[in-house]
Amino acid sequence: MSVFKSILNTIPRPWLIKLSYIVRPVIALSLKGDKFTDPIDGKSFRKFLPYGYGKQRENALSPSTLSLERHRLMWLFLQDETNFFSSPKKLKVLHIAPEQCFLDIFRKQKNLDYITADLESPIADVKADICNLPFKDNEFDVVFCNHVLEHITDDTKAMQELFRVMIKGGFGIFQIPQDLSREKTFEDNSITDKKERAKIFGQYDHVRVYGRDYFDKLRNIGFKVDEIDYTKKIAPEKLEQFCLMKGEILPVCYKK
């Protein structure tokens, strides 16, 4: 087992977040180069770090922002396809389980009223249960909730809460780990052993593996869902330079 894999599987996530602030500058300096670039901060490296609780993906984790493939893809989509960074109207944004790679940048955006929430994260503004959010109906223009729902036992209730707090005309991005070869989502609450859960669900703290029906589940809540393979709009050499995962789907959800 690699050092990174061992760390991921043994150190609790809140501790990992705190530890990363200490080691990140050292790692970024040691890997400086010009082969791969993180589009979030524009910094380049001779390689990215491996990442994965099970099978490790090479060149997945940016040494500078700690972004993964999905974060870099979302950044490019927001930058090129939305007015998230340029809206003349101030956007009220809710970010569930905020990712470090976005946190400081989004907080500094003058056109955003940016609020973060999570039950356990040490970097979130508001301690909140996604199944019972402490916000008013129709409060947020934009809602981000990425790689969270696979941890939530009652994901239907969580989706309903995301829908409730979003304004009509608002949008959200709700990424999840997804097996597109599966038609139906698989979950089994009787599996409690951590090693068995990691083997079946991909991570010890996941409660399901989402299939292609994930998008329809969001539609049943009331969202209009665009299943966007944004990697098709990015040149092959940029996919390689930014270390993106070809064919990854962005679930972009709208409240009409």
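**Exercise 1. Determine which residues of helix H3 are buried, and what covers them.**

Solution. The buried residues of H3 are Glu69, Arg70, His71, Arg72, Leu73, Met74, Trp75, Leu76, Phe77 and Leu78, where buried means under 20% relative accessible area, exposed over 50% and partly exposed in between, with a 1.4 Å probe and protein chains only. The model is a predicted one, in which local features need pLDDT of at least 70 and side-chain atom pairs count only at pLDDT 80 or more, while totals for chains, interfaces and linings use all residues. Residues are numbered from 1 along each chain as its sequence is written, and side-chain values use heavy atoms, with hydrogens and water left out.

The next step is to place the helix: H3 spans residues 69-81, and helices (H or I, at least four residues) and strands (E, at least two) are DSSP runs numbered from the N terminus. Because 10 of its 13 residues are buried, H3 is largely enclosed by the rest of the structure. The cover over these buried residues includes strands E4 (57-61), E8 (140-145), E9 (166-173), E12 (224-228) and E13 (250-254), together with helix H4 (100-108); contact here means heavy atoms within 4.5 Å.

Asp80 also lies in helix H3, but at 48% relative accessibility Asp80 counts as partly exposed. From Asp80 to Lys32, 48 residues apart in sequence, the C-alpha to C-alpha distance is 27 Å.

**Exercise 2. Compare the reach of H3 with the expected span.**

Solution. The expected span of a helix is 1.5 Å times one less than its number of residues. With 13 residues, H3 reaches 18 Å from its first C-alpha to its last, which is close to the 18 Å expected.

**Exercise 3. Describe how H3 packs against H4, and classify the residues of the contact.**

Solution. Two packed helices are described by the angle between their axes and the distance between the axes. Axes are lines fitted to C-alpha atoms, for helices over the stretch in contact, and angles run from 0 to 180 degrees between N-to-C directions. For H3 and H4, the axes come within 10 Å and cross at roughly 30°. The two helices are therefore roughly parallel to each other, since angles under 35 degrees count as roughly parallel, over 145 as roughly antiparallel, 65 to 115 as roughly perpendicular and the rest as oblique.

On the H3 side the contact involves His71, Met74, Trp75 and Leu78, which meet Cys101, Phe102, Ile105 and Phe106 of H4. These residues divide into 7 nonpolar, 1 polar and no charged, where Ala, Val, Leu, Ile, Met, Phe, Trp, Tyr, Cys and Pro count as nonpolar, Asp, Glu, Lys and Arg as charged, and the others, Gly among them, as polar.

**Exercise 4. Repeat the analysis for H5 and H7, and follow Ile221 through the contact.**

Solution. Helix H5 covers residues 155-165, and H5 packs with helix H7 (residues 214-221) at an angle of about 55°, the axes being 9 Å apart. That angle makes H5 oblique to H7. H5 passes H7 in a right-handed crossing; a crossing is left-handed if the near helix is turned anticlockwise from the far one by less than a right angle, and right-handed if clockwise.

In this contact, Asp155, Thr156, Met159, Gln160 and Phe163 of H5 meet Tyr214, Lys217, Leu218 and Ile221 of H7. The residues of the contact divide into 5 nonpolar, 2 polar and 2 charged.

Ile221, which lies in helix H7, counts as buried at 16% relative accessibility. Leaving aside residues up to four places away in sequence, Ile221 touches Thr156, Met159, Gln160 and Phe163. The C-alpha atoms of Ile221 and Cys253, 32 residues apart along the chain, are separated by 11 Å.

**Exercise 5. For Asn59 and His147, give the value of phi and the degree of exposure.**

Solution. Asn59, found in strand E4, has a phi near 50°, a positive value in a residue other than glycine, and at 23% relative accessibility Asn59 counts as partly exposed. His147 sits in the loop between E8 and helix H5; its phi is near 55°, again positive in a residue other than glycine, and at 19% relative accessibility His147 counts as buried.
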